[in-house]
Amino acid sequence: MSVSAIASGNGYGASKYMQQIASGKKINSAADNSAGLAIAQRLQKSATTAKVSSNNYKDQVNKNNVADSVYSGMSDYMQDINVQSVKSQNGTLSSSDRASISDYVGQLSQGMNQLADTTYNGQSLVSSSATSGVNANKFDLSSIDSAVASLNNARSQNGAQTNGLEYASAVADVEYENDTAALSGIEDADIAEATTGLATENTLDATRISLQKQMMEDEEQRNMALFV
């Protein structure tokens with residue numbers, strides 16, 4: 001670098017390195033790297049979208065997990081109803097025994113229906129089709145079997161959806177990690193490098209000031225010589 005080039009420098013390099021050290025980023029304006037800034041903004045948007053999508057999937061998984069607990073409880077009720085219905089087929093039972101069983105089945109049905117009314121953030125978790133076919137007054141085993149099948153099918157579908165949501169969330173998490181890693185590679189400043197650059201620029205600034213002073217003195221002496 002020539003003496004005149006050093007003397008005419010504007011000291012922008014020092015300011016740039018100071019910004020990098022202060023912000024931790026090597027791109028603080030379009031002037032630093034316009035192409036890199038555009039890529040960084042695109043990656044930031046993609047990372048944000050992936051993160052929000054992953055959170056949405058996780059929220060839905062939480063909802064489905066609550067629904068699965070509800071289905072599990074309903075299934076327990078249905079199994080008990082089935083046991084009581086089979087028991088009612090015993091020919092040695094008295095009418096009083098059957099009435100007691102019927103009352104108990106009615107209580108089980110009521111408990112199951114209360115579970116079926118469970119909501120998550122105001123949204124229903126269980127479809128009406130999953131609880132149809134239960135009659136507390138008639139021990140219709142075929143209807144109970146049908147209701148159990150509907151309940152199991154609904155729970156199976158819920159489980160399959162949960163698996164899909166967990167996979168989608170995992171994919172979104174990987175996308176987020178990749179985007180943020182790429183963004184870090186573009187944006188993050190090398191502090192050691194910036195510190196070295198700043199020291200170099202400060203040295204150049206000091207040299208520049210000294211050269212400018214010397215050049216002004218030389219110019220003044222030349223001007224004075226013209227009048228001798």
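Here are three short exercises, with worked solutions, on a predicted model.

**Exercise 1: the core**

Work out which residues of the largest nonpolar core touch the most other members, and which helices supply at least two residues of this core.

*Solution.* Start with the membership: the largest nonpolar core has 18 residues. Next, look at the contacts inside it. Y71, M74, M78, I81 and V126 touch the most other members.

Now go helix by helix. Three of them give at least two residues each: α3 (34–87), α4 (95–116) and α5 (141–187). Of these, α3 hands over the largest share, six residues.

**Exercise 2: the salt bridges**

Find how many salt bridges the whole structure has, then say which parts of the chain the K58 pair ties together.

*Solution.* Searching the whole structure turns up two salt bridges.

Take K58 to begin with. Its partner is D173, and the closest N and O atoms sit 2.9 Å apart. K58 belongs to helix α3 and D173 to helix α5, so this pair ties together parts that are 115 residues apart in sequence.

Are the two ends of this pair buried or exposed? The cut-offs settle that: buried means under 20% relative accessible area, and exposed means over 50%. K58 comes out at 34% relative accessibility, so K58 counts as partly exposed. D173 is at 23%, so D173 counts as partly exposed too.

Then do the other pair, R155 with D68. Here the closest N and O atoms are 3.0 Å apart. R155 is in helix α5 and D68 in helix α3, 87 residues apart, and the pair links distant parts of the chain. Run the accessibility check again: R155 has 29% relative accessibility, so R155 is partly exposed. D68 has a relative accessible area of 27%, which means D68 is partly exposed as well.

**Exercise 3: the pocket**

Describe the largest pocket: how much space lies in it, which residues line it, and which element gives the most to the lining?

*Solution.* Volume goes down on paper before anything else: about 170 Å³ of space lies in the largest pocket.

For the lining, list Q60, K63, N64, A67, Y71, S124, L125, A154, Q157, N158 and Q161. Y71 is worth a second look, since this residue also turned up in Exercise 1 among those touching the most other core members.

Sort the lining by element. α3 and α5 are the ones that give two or more residues, and α3 gives the most, with five residues.

Finally, sort by class: six of the lining residues are polar, four are nonpolar and one is charged.

How values were computed:
Residues numbered from 1 in each chain as written. Predicted model: local features only at pLDDT ≥ 70, side-chain atom pairs only at ≥ 80, totals over all residues. Heavy atoms only, no water. Core = buried A, V, L, I, M, F, W, Y, C linked by side-chain atoms within 4.5 Å. Buried < 20%, exposed > 50% of the residue type's maximum accessible area, 1.4 Å probe, protein only. Helix = DSSP H or I, 4+ residues; strand = E, 2+ residues; numbered from the N terminus. Salt bridge = Lys/Arg side-chain N within 4 Å of Asp/Glu carboxyl O. 1 Å grid on protein atoms, 1.4 Å probe; cavity = no way out; pocket = protein on both sides within 12 Å on 5 of 7 lines; lining within 4 Å. Points joined across faces, edges and corners; volume = space filled by probe spheres on them. Nonpolar A, V, L, I, M, F, W, Y, C, P; charged D, E, K, R; others polar.
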